[in-house]
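Me: Could you take me through one residue and the part of the fold around it, and then work outward from there? I would enjoy one connected account rather than a list.

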Amino acid sequence: MQEPFKQLYILHSDGIYKYIFFMVNNKELAEDLTQETFFKAFKQFQTFRNEAAIITWLKRIARNLVYDYYRKKRLIQFLPLTFKMEYQDDTQTPVELLETAEEMAVLYGALRKLKLNHRETIVLRKIEGLSVKETAQFLECTEAKVKNNTVRAIAALKKVLQEGGHDDGAFR
Amino acid sequence: MERLDDKLQKLNTIKRSQQEKLHTFEKLSDRIDRLPTRKINWQVPVVLASTVVICIIVLLTTLNSPLQKPSLTTATEPITNFTSTVELKRIYYVDWPNNISFDSFLARASKLYLDMNIIEDKQQLSTFSYYFSHLKEVQHINKSELEPFNDFVLTAKDRREWRIKIYKIPGESSILRDMQTNRYFQVKDETGNFDEKLLNAVFVQKNIKEFYLSLIVNVIPSLVFLIQYIAIRNTYIPAIPKLQRKNRDRIIQLVIWIISLFTIIFLALYYHPINILVLLSILTLAILSKFYFDWIFIREHHDIKLQQKYKLYLSIQIIIYLLMICMLIVIIH
């Protein structure tokens, strides 16, 4: 493998993995799709025209793969809740860490129950922290639509949390 | 209490296993290293496919040329000119109940008419020669009662020919219609059992071409599927799951198979040489396109080692198909 591509993988594969992971809710599948994303990127590297940032280009390939996956399989695979220990926040005490992990587990569980477009909006806007403009560019839609989708997605997430009995103020 | 936004943002700190990351990287490197270095040149199979189709068209067009060109230039004579001295060379007839129409007399001009039969037995020719020279004209006839039975073309050794359409009336003797003069005749009573001889002549010679055609159409695809099954099992060539096909592939395949089906039905209902030509061309396109899309899939999803295995498997299938074409043409001929 060429060295620049290796660097590209090291630099961006975590970001791509996270995006895919939140979209498909399965570690192994996320790894496989990450591999597929970079494999496709390697094959199509000549077509990359520097019109977008390379991470955006990679993420767009990943997005197509995710949607292809759902289109082909037509089923949603649920991730077993084994990710608690993978959560990290070095600034927290052990007790805080335990509480945070539990809250995150609940939040993650709610997130995976959302519709794919709502989940994607939350992943991009709230988890990855993209701006409305950046999200709109990535999704190739209007900023108004992104704003609208964000509001709806958050409302849907809150509803799922409430239905799960987590309306004690922790997830306002 | 932290706000929902902050908590969501914290999800981003989820940690990816470094071991998994490394493992994925190794698998990715492995796949990239096994990518074929030279590009597959698809002009070659496309040119081959076009050549096969053109060859079929040329071959069938050549075969579809008149059997005996000189005889075509001979004027058709009225049946009244047929005497017992006429020496018949052969009789062409179109099998009941196919294509009983005026146009079916054109059948003699083509070898590709599968329902075209020939009587060349000297004994039979001499018997028919006797009957056709002993005809009496029927003056009054109810045409609505006539049921077409056979179209006959009598060809004499001196290249003269007579065209006769034979009708059967239940419980009565056959009626012969001279297509040249449009007059109706019956075999004279004293000449004996013309109908019996006619039936014997027509039904003794079973048309086996249609049988072989249906055999080929059914057996060869089964053979292809069997080889496909054996090859996939023994060489570990991965079968192509339908779910993994792209919609584009599925739609093109569906369209091709629908057209093929229509052509086969059309062939069964209304036989014409041009149908074979169309059928073979469409079948060629269907099979080659199937190979093409399967190959594209294998190339995109599997390494070079599997691609080589698949090439061999593909070649066997193409050879079978070409053999099928050859067999079909031999049978028709």
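Reply: D178(B) belongs to strand β6 of chain B, and everything said about it here comes from a predicted model. Is D178(B) buried or exposed? With a relative accessible area of 1%, D178(B) falls under the 20% limit and therefore counts as buried.

The side chain of D178(B) has two polar partners to look at. One is a backbone atom: the side chain comes to 2.9 Å from the backbone nitrogen of I79(B). The other is a side chain, that of T181(B), joined to the side chain of D178(B) by a polar contact of 2.8 Å.

Beyond the residues within four places in sequence, the contacts of D178(B) are with E77(B), P78(B), I79(B), R163(B), R183(B) and F185(B). I79(B) thus appears both in this list and as the backbone partner of the side chain. E77(B) is worth a second glance too: 101 residues separate E77(B) from D178(B) in sequence, while their C-alpha atoms are 9.3 Å apart in space.

F185(B) takes us from the residue to the strands. β6(B), residues 175-178, is joined to β7(B) by 3 bridges, and the two strands run antiparallel. Which residue of β7(B) is the bridge partner of L176(B)? It is F185(B), the residue that also appears among the contacts of D178(B). The two strands form a hairpin with 4 residues between them, and in this hairpin N182(B) has a positive phi near 60 degrees.

β7(B) itself spans residues 183-187, and 4 of its 5 residues are buried, so the strand is mostly covered. β7(B) also pairs with strand β3 of chain B, residues 135-137, again through 3 bridges and in the antiparallel sense. On that side, E137(B) has F185(B) as its bridge partner. F185(B) is therefore a good residue to centre the view on, being the bridge partner of both E137(B) and L176(B).

Elsewhere in chain B, strand β1 (residues 88-94) holds R90(B). The relative accessible area of R90(B) is 13%, which means that this arginine is buried as well. Its side chain is joined to that of Y92(B) by a polar contact of 3.3 Å. The strand around R90(B) is mostly covered, with 6 of the 7 residues of β1(B) buried. For pairing, β1(B) has strand β4 of chain B (residues 147-156), with 6 bridges in the antiparallel sense; L88(B), for instance, has A156(B) as its bridge partner in β4(B).

Now for chain A, where there are 7 helices and 0 strands. Of its 172 residues, 49% are buried. Among contacts in chain A with a separation of 6 or more, 64% join residues 24 or more positions apart. The chain exposes about 9300 Å², and 52% of that comes from carbon and sulfur atoms.

A buried acidic residue turns up here too: E120(A), in helix α5 (residues 116-127), has a relative accessible area of 2% and is therefore buried. The side chain of E120(A) makes a polar contact of 2.9 Å with the side chain of Y67(A). Past its neighbours within four places in sequence, E120(A) is in contact with Y19(A), M23(A), R63(A), Y67(A), F138(A) and L139(A).

The helix is mostly covered, since 11 of the 12 residues of α5(A) are buried. Among those buried are the charged or polar names H118(A), R119(A), T121(A), R125(A) and K126(A), alongside E120(A). Just after α5(A) comes G129(A), with a positive phi of about 75 degrees.

F138(A) and L139(A), listed among the contacts of E120(A), lead on to helix α6 of chain A, residues 132-139. The axes of α6(A) and helix α7 (residues 143-163) come within 8 Å and cross at roughly 105 degrees, so these helices are roughly perpendicular to each other. The contact involves V132(A), K133(A), T135(A) and A136(A) from α6(A), and E143(A), V146(A) and K147(A) from α7(A).

Definitions and conventions. Residues are numbered from 1 along each chain as its sequence is written. Chains are lettered from A and ligands numbered from 1 in the order in which they are written. This is a predicted model: local features need pLDDT of at least 70, side-chain atom pairs count only at pLDDT 80 or more; totals for chains, interfaces and linings use all residues. Side-chain values use heavy atoms; hydrogens and water are left out. Buried means under 20% relative accessible area, exposed over 50%, partly exposed in between (1.4 Å probe, protein chains only). Contact means heavy atoms within 4.5 Å. Accessible areas come from the Shrake-Rupley method with a 1.4 Å probe; for residues, only the protein chains shown count as cover. A polar contact is a pair of N or O atoms within 3.5 Å; within protein, one must be able to donate a hydrogen and the other to accept it, and residues adjacent in sequence count only if both atoms are side-chain atoms. Axes are lines fitted to C-alpha atoms, for helices over the stretch in contact, and angles run from 0 to 180 degrees between N-to-C directions. Angles under 35 degrees count as roughly parallel, over 145 as roughly antiparallel, 65 to 115 as roughly perpendicular and the rest as oblique.
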